[in-house]
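Subject: Structure handover

Hi there,

Here is the structure I promised to send over. Have a look at it first, and then read on for what I found.

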Amino acid sequence: MDRRVVVLSLLTAACSAGSPKQSAGITHDSAGGNVAVAAAEPSAAANLLGRIPVLEYHVIAGEKNSLYTRTAASFRADLEEAYKRGYRPITIAQMLDKDFRDVPAGMSPVVAVFDDASDSQFRYVEQNGKLVIDPTSAVGIWMDFTKSHPGWKNRAVFCMLNGGAAGHNFFGDNPKFGGQKKEWRFLKVKWLSDQGFELCDHTLWHAKLNKYSDAVVQEQIARNAMGIDSAVPGYKIRTMALPYGLWPKNRPLASHGSWTDPKTGRTHSYNFEAVLEVSGGPALSPYDAKFDPKKINRIEAIGDDIRRQLARLDSTRTRFVASNSK
Ligand SMILES: [Zn+2]
């Protein structure tokens, strides 16, 4: 393992607040692997108070799954599993808006979130002078999946860093990282937005927000928002994901604050509607009175957890099921 891989592993491993032990313990799945895999029930009665799985991905690469790395095959299998069970993707923004137009009646919404902006998620390759999406990167796999799975749209969330170590800067800022070029960064972010994916703030370089002053917390978040705005001018960021799942000491600063650039004297504000945790199981429905958009739970893509959580939502009949009108 070379040094780069070690650094990358450390960064991605650090993404979650949970230690490996804690993460393994958040399956909330006492049924374990004994849950029968029920077929999707497209004719299921509407359940607008049901749960919505928000899946959390980090690095999509390698030959073997580990805590924060999922193989391309496993990632694709996750998408197949969700599709087979009657899930269709939406964004967090759609969840906030109770916009389920992409989810046919009797089917269920799922949200896929990609954290940390590694090149494994979105890689370009140059072919005959043109930029082509690497089919082995997460975005490449997603796009291929949409072609063979009707109704699976470009709805996912990218919680990005724009100054992270080891190339975690809008999907790679140096050929050292999957052959990616610095000048491709904004193209990728813009392309995602144009395609209907949601852009999400994940701080400048993945700072542990609980360890820093209010000023640094706001700088970390605001400078990430500024980076996104540079790539997609005027883009309204509505969602942020807490690095490591750690809240700043002054919790409201996760979603609302400002930073004044000492170089220009200009003040940059941010005001997000949703804050994503790193774990906690399927999220509450936005129709649920207890739904708190500033604290949305996710399911980490670890081992068999996604399949088990989806199986459990079916066996307990607790999954969100869209109605005709929404
Ligand atoms: Zn992260």
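Which residues of helix α5 (residues 138-148) are buried? They are A138, V139, G140, I141 and W142. Please keep in mind throughout that this is a predicted model.

Since α5 has so many neighbours to look at, I began there. Its buried residues pack against β1 (54-57), β2 (59-60), α3 (72-84), β5 (108-115) and β7 (130-133). Of these partners, I looked at α3 more closely. The axes of α3 and α5 are 11 Å apart, and the two helices pack at an angle of about 40 degrees. The crossing of α3 past α5 is right-handed. On the α3 side, the residues involved are A72, F75, R76 and L79, and they meet A138, I141 and F145 in α5. Sorted by class, this contact has six nonpolar residues, one charged residue and no polar ones. Two of the residues listed as buried in α5, A138 and I141, are thus also found in the contact with α3.

A second helix pair is worth opening in your viewer. Helix α6 (residues 185-195) packs with helix α7 (residues 214-231) at an angle of about 85 degrees, and their axes are 8 Å apart. That angle is why α6 counts as roughly perpendicular to α7. F186, V189 and K190 are the α6 residues here, and they meet I228, S230 and A231 in α7. By class, there are four nonpolar residues, one polar and one charged in this contact.

Now to the strands. β7, one of the elements that the buried part of α5 packs against, pairs with strand β6 (residues 124-127) in the antiparallel sense, over four bridges. Within this pair, V125 stands opposite V132 in β7. The hairpin of β6 and β7 has two residues between the strands, and N128 there takes a positive phi near 50 degrees.

V125 also leads to a distant part of the sequence. K181 and V125 are 56 residues apart in sequence, yet their C-alpha atoms are 9.9 Å apart in space. K181 is found in the loop between β8 (157-160) and α6. Is K181 buried or exposed? It falls in between: K181 has 15 other C-beta atoms within 10 Å and is therefore partly exposed.

If you check backbone torsions before setting anything up, two more residues deserve a look:

- A117 has a phi near 55 degrees, which is positive although the residue is not a glycine. It sits in the loop between β5 and β6. With 27 other C-beta atoms within 10 Å, A117 is buried.
- F170 is not a glycine either, and its phi is positive at about 45 degrees. Its place is in the loop between β8 and α6, the loop that also holds K181. F170 is buried, with 28 other C-beta atoms within 10 Å.

Finally, some totals for the whole chain. The secondary structure comes to eight helices and 14 strands. Of the 326 residues in the protein chain, 48% are buried. Among contacts between residues at least 6 apart in sequence, 70% join residues at least 24 apart.

Happy to go through any of this with you whenever it suits.

Best wishes

Methods:
Residues are numbered from 1 along each chain as its sequence is written. This is a predicted model: local features need pLDDT of at least 70, side-chain atom pairs count only at pLDDT 80 or more; totals for chains, interfaces and linings use all residues. Axes are lines fitted to C-alpha atoms, for helices over the stretch in contact, and angles run from 0 to 180 degrees between N-to-C directions. Angles under 35 degrees count as roughly parallel, over 145 as roughly antiparallel, 65 to 115 as roughly perpendicular and the rest as oblique. Two residues are in contact if their C-beta atoms, placed from the backbone, lie within 7 Å. Ala, Val, Leu, Ile, Met, Phe, Trp, Tyr, Cys and Pro count as nonpolar, Asp, Glu, Lys and Arg as charged, and the others, Gly among them, as polar. A residue is buried if 20 or more other C-beta atoms lie within 10 Å of its own, exposed if 12 or fewer, and partly exposed in between; C-beta atoms are placed from the backbone. A crossing is left-handed if the near helix is turned anticlockwise from the far one by less than a right angle, and right-handed if clockwise. Two strands pair if DSSP finds at least two bridges between them.
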